[in-house]
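Trainee: I would like a close look at a single part of this model, with the whole chain as a starting point. Please keep the cut-offs explicit.

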Amino acid sequence: MKRDFAPTVYILASARNGTLYIGVTSDLPGRLFRHRDETFPGFTARYGVYRLVWFEQHATMEHAIQREKRLKKWNRAWKLRLIEEANPDWRDLAEDFGFEPLGNAEAGSPPARG
């Protein structure tokens, strides 16, 4: 089965108003899985940043990378406003892609592996 890939800029958060991570990918569900599975040790695993709170798709990877670079230069207040305009409750948008809820345990904990 052919999968649709779209260049996407995304923001993960540890919790509401918590630590933020901005990334870019051509396979958002696959990247979310790798973040949550802690496939790659690094920032998101170290700081418990697993909750997808915002994303934006682009026509080309070049445009997505440009947007990612611009967002990373924004001050924190602008980033928080961007998230809250689209997702005022800071809902984990990964659930819309079929991911299990992160649960009510520690906000930054990855989902239980089963």
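Trainee: How much area does the chain expose, and what percentage of it do carbon and sulfur atoms supply? Then take me to T25: where does T25 lie, and what does T25 touch?

Mentor: The model is predicted: local features need pLDDT of at least 70, side-chain atom pairs count only at pLDDT 80 or more, and totals for chains, interfaces and linings use all residues. Residues are numbered from 1 along each chain as its sequence is written, and side-chain values use heavy atoms, without hydrogens or water.

Area comes before the close look. The chain exposes about 6900 Å², by the Shrake-Rupley method with a 1.4 Å probe, where for residues only the protein chains shown count as cover. Carbon and sulfur atoms supply 52% of that area. Buried residues (under 20% relative accessible area; exposed is over 50%, partly exposed in between; 1.4 Å probe, protein chains only) make up 40% of the 114 residues.

The chain has 4 helices and 3 strands. These are DSSP runs, numbered from the N terminus: helices are H or I with at least four residues, strands E with at least two. Their order along the sequence is β-β-α-α-β-α-α.

Now T25. It sits in strand β2, residues 20-25. T25 counts as buried because its relative accessibility is 4%. Its side chain reaches the backbone nitrogen of D27 at 3.0 Å. Leaving out residues up to four places away in sequence, T25 touches A6, P7, T8, Y10, R31 and M61. Contact here means heavy atoms within 4.5 Å.

The strand also feeds a core. A nonpolar core is a set of buried Ala, Val, Leu, Ile, Met, Phe, Trp, Tyr and Cys residues joined through side-chain atoms within 4.5 Å. The largest one has 14 residues, of which V9, I11, L20, W54, I83 and W90 touch the most other members. At least two of its residues come from each of β1 (8-13), β2, β3 (51-57), α3 (61-73) and α4 (76-86). Another core lies apart from this one; its 9 residues include L28, L52, A94 and F99.

Take L20. Again without residues up to four places away, its contacts include I11, F43, R76, I83 and W90. Across the chain, 65% of the contacts with a separation of 6 or more join residues 24 or more positions apart.

One last stop is the loop between β1 and β2, home of N17. N17 is not a glycine, yet its phi is positive, near 60°. Most residues other than glycine have a negative phi. N17 is partly exposed, at 40% relative accessible area.

Note on methods. Polar contact = N/O pair within 3.5 Å; in protein donor to acceptor, adjacent residues only side chain to side chain.
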